[in-house]
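This briefing is meant to be read alongside the sequence and the coordinates. It begins with confidence and overall make-up, and then turns to individual sites.

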Amino acid sequence: MTSTLHRPPADLDSHEAEQPPARKSLRQRFSRLDNHASPYLYISPFFLLFGLVGLFPLLYTLVVSLHDWDLLQGQGDFVGLANFGEVLTDRFFWNSIFNTVSIFLLSAIPQIFIALVLAAILDQNLRAKTFWRMSVLLPYVVTPVAVALIFSSIFNEQSGLANNLLGLVGIDPIAWKHDVFASHFAIATMVNWRWTGYNALILLAAMQAVPRDIYESAAIDGAGAVRRFFSLTIPSIRPTLVFVVITATIGGLQIFTEPKLFDASSAGGIGGADRQFQTTVLYLWEMAFFRQNLGEASAIAWLLFLLIVIIGLLNFLLSRRIASGEQKVADRRTRKALQRQTADAASARATGTATHGDDHQGDRA
């Protein structure tokens, strides 16, 4: 049976073409609005909280830094950048910058190095691995106040544990709270003790995400544990390593509790009698609540913010360059290994062809 489709009349087509498109129902319009607006609604709480507790205080601190602002009397005259000029010519500010950078270097570098080693050890097939992983996190859950009080007792110059142990090996007692370098070392020890395990667990999580096939292939090629660590592990966890470096930089330059409580009985806890371990945040606190000058305190906060941004960028570029260099070395070794395997395979094929040819000639003979 044959059916024939009849084309509708031309006047009917023109009539349908002139009809306006069908209006979408209310449900369809809500569905479209939901597809477009829902993602922004889901992420909006973060931006609202960031604007409330992050961006607004930052901008308000900038406003305060441009005014003569007393803690009790409130806002005064607009002084422009005068507060920044006063701070930059204050020798106590530069002394606090030196102390902060010194403590930061003594804490951040050993902290990241030891965290890498701990993470590599915990990444092995250990017995009771959960116990060891929880153990390294234990110092992090101790409050900074308790850490400062414990280590302040350990580094007591008269009857502290550190000087007693040094005395057993014939070393004279060290003035942990009066010597500049010794006080910086003691405060850096507190920071390392509290934060090394935390960073080690972050690096461990990144190491466990590295495919094990890479390690097995490298081991078959003869790479030792140290070679696998520097050529495979470090490049593979580069983003996490950069994150740890940046967070350690921010935390190290904002250190406050440890120097505040390290020798609270001396000079009101402003960082030692001679400010030998007064950090920048501790100097900011002194300027705001001892001198009651919120304008200069806000200027110090902004200068510290700029310092953290600069050092954070330098650390980011340095760590990225180091990891990229390791990655380039690993890629170069991989290419050489592939070329060597390809050459061996070609040689084996050529040898097999020659042998087969000789056998074939021998058979014909």
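The term pLDDT denotes the predictor's confidence in each residue, on a scale from 0 to 100, and a contact means heavy atoms within 4.5 Å. The structure shown is a predicted model, in which pLDDT stays under 50 over residues 1–5, and this segment has zero contacts beyond four places in sequence. Where pLDDT is low, the predicted coordinates should not be read in detail.

**Confidence**

- Averaged over the protein, pLDDT comes to 82, and 83% of the residues reach a score of at least 70.
- Among the elements, the lowest mean pLDDT, 53, belongs to helix H1 (residues 10–18), whereas the highest, 92, belongs to helix H3 (residues 82–88).

**Overall make-up**

- The secondary structure consists of 14 helices together with two strands.
- The protein has 365 residues, of which 33% count as buried.
- When contacts are restricted to residues at least 6 apart in sequence, 68% of them join residues that are at least 24 apart.
- The exposed area of the protein is about 23,300 Å², and carbon and sulfur atoms account for 64% of that area.

**A nonpolar surface patch**

- Tyr40, Leu41, Tyr42, Ile43, Phe46, Phe47, Phe50, Leu55 and Leu59 make up a nonpolar patch on the surface, and their accessible area together is about 1,100 Å².
- One member of this patch, Ile43, is located in helix H2 (residues 26–65), and it counts as partly exposed because its relative accessibility is 44%, between the limits of 20% for buried and 50% for exposed.

**Aromatic pairs**

- The structure contains 18 aromatic pairs, one of which is formed by Phe46 and Phe47 in an edge-to-face arrangement, with 5.1 Å from centre to centre and 75 degrees between the planes.
- Phe46 and Phe47, which also belong to the nonpolar patch, are both exposed.
- The pair of Phe151 and Phe155 is stacked, because the ring centres are 6.3 Å apart and the planes lie at 25 degrees, an angle that falls under the 30 degrees used as the cut-off for stacking.
- Phe151 and Phe155 are both buried, and ring pairs link these two residues with Trp176, Phe185 and Trp193 into a cluster.

**Loop residues**

- Gln73 is placed in the loop that runs between strand S1 (67–70) and strand S2 (74–78), and with a relative accessibility of 72% it counts as exposed.
- Although Gln73 and Gln292 are 219 residues apart along the chain, their C-alpha atoms are separated by 9.5 Å.
- Ala128, situated in the loop between helix H4 (91–122) and helix H5 (129–141), has a phi near 55 degrees, which is a positive value in a residue other than glycine.
- Arg275 likewise has a phi near 55 degrees, again a positive value in a residue other than glycine, and its place is the loop between helix H12 (257–262) and helix H13 (280–290).
- Is Arg275 buried or exposed? Arg275 counts as buried, because its relative accessibility is 13%, under the 20% cut-off for that class.

Conventions. Residues numbered from 1 in each chain as written. Predicted model: local features only at pLDDT ≥ 70, side-chain atom pairs only at ≥ 80, totals over all residues. Heavy atoms only, no water. Helix = DSSP H or I, 4+ residues; strand = E, 2+ residues; numbered from the N terminus. Buried < 20%, exposed > 50% of the residue type's maximum accessible area, 1.4 Å probe, protein only. Areas by Shrake-Rupley, 256 points an atom, 1.4 Å probe, with all protein chains shown as cover. Patch = residues over 30% accessible without salt bridge, like charges linked within 9 Å, V, L, I, M, F, W, Y side chains within 5 Å. Salt bridge = Lys/Arg side-chain N within 4 Å of Asp/Glu carboxyl O. Phe/Tyr/Trp six-rings, centres within 6.5 Å; stacked < 30°, edge-to-face > 60°.
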